[in-house]
Amino acid sequence: MLRRLVLLLALVAMANAVTLRKWIASHEKNCYFASVDVPFKKVAFYFAVHQGGNFDIDYEVEGPNNRQLFKGEAERQGDFVFTATQIGEYAFCFKNGLASFADKLVEFDITVEDDARPEDITKRAKRDEVASSVVTIASDLQQITKFMKYFRMRENRNFATISSTESRIWWFSALDSLCVVLVAVVQVYAIQALFTAKRTRL
């Protein structure tokens, strides 16, 4: 039983993940780093813009020696996995473009696969149904987490759209009411001026 417990813990703790939410100011560039100490590790990178502007941001992923791996402009979200072929620090940078004047809230995950599991543990995992079930459940939970993040992002964007629409409706209604009042005042003065002119003639 103890061996199974150790095996399960080893399988669950396969990766080190960092989840962050950060406001990126206008014209600001923020970089975050993940260290890879063994070549051919899997690195996963996910981001989504939750608030601000048009919900888009520029991003760059650079490997050791400033080698550019990925780049995107005005992206709302991204989710990709790559193999780190070199040892060193990998930079994940966000830049709130020059054309943007709004701060933006970005949520992102950086996941680096942990050290390779010993062969005996891997073999046991293949034979052990419980361990195999745990791996399957862990994979399903990661997928559910991604769906939850996606739906939360969509909720934030839809809420921002509704708030913007409500604000525009309110200002349009206020302007419409003001125009009605102004027209009524002008009509009153016009009619008053008309009758005043008639009295003067008499």
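**Exercise 1.** In this predicted model, determine whether C31 counts as buried, exposed or partly exposed.

*Solution.* The relative accessibility of C31 is 31%. Buried requires under 20% and exposed over 50%, with partly exposed in between. C31 therefore counts as partly exposed.

**Exercise 2.** Apply the classification to C93 and to C179.

*Solution.* Step 1: C93 has a relative accessible area of 5%, and with the limit for buried set at under 20%, C93 is buried. Step 2: C179 has a relative accessible area of 39%, so C179 is partly exposed.

**Exercise 3.** State how many disulfides are present, and characterise the link of C31 and C93.

*Solution.* Step 1: the sulfur atoms of C31 and C93 are 2.0 Å apart, and a disulfide calls for sulfur atoms within 2.5 Å; C31 and C93 therefore form a disulfide. Step 2: the count comes to one disulfide. Step 3: the angle about the S-S bond is 110°, and the link is right-handed. Step 4: C31 belongs to strand β2 (residues 29–36) and C93 to strand β7 (residues 88–95), so the disulfide ties together parts that are 62 residues apart in sequence.

**Exercise 4.** Describe the protein in which this disulfide is set, beginning with the order of its elements.

*Solution.* Step 1: three helices and eight strands are present, in the order α-β-β-β-β-β-β-β-β-α-α from the N terminus. Step 2: of the contacts with a separation of 6 or more, 78% join residues 24 or more positions apart. Step 3: buried residues make up 27% of the 202 residues. Step 4: the accessible surface comes to about 14200 Å², and 60% of that surface belongs to carbon and sulfur atoms.

Terms used:
Residues numbered from 1 in each chain as written. Predicted model: local features only at pLDDT ≥ 70, side-chain atom pairs only at ≥ 80, totals over all residues. Heavy atoms only, no water. Helix = DSSP H or I, 4+ residues; strand = E, 2+ residues; numbered from the N terminus. Buried < 20%, exposed > 50% of the residue type's maximum accessible area, 1.4 Å probe, protein only. Contact = heavy atoms within 4.5 Å. Areas by Shrake-Rupley, 256 points an atom, 1.4 Å probe, with all protein chains shown as cover.
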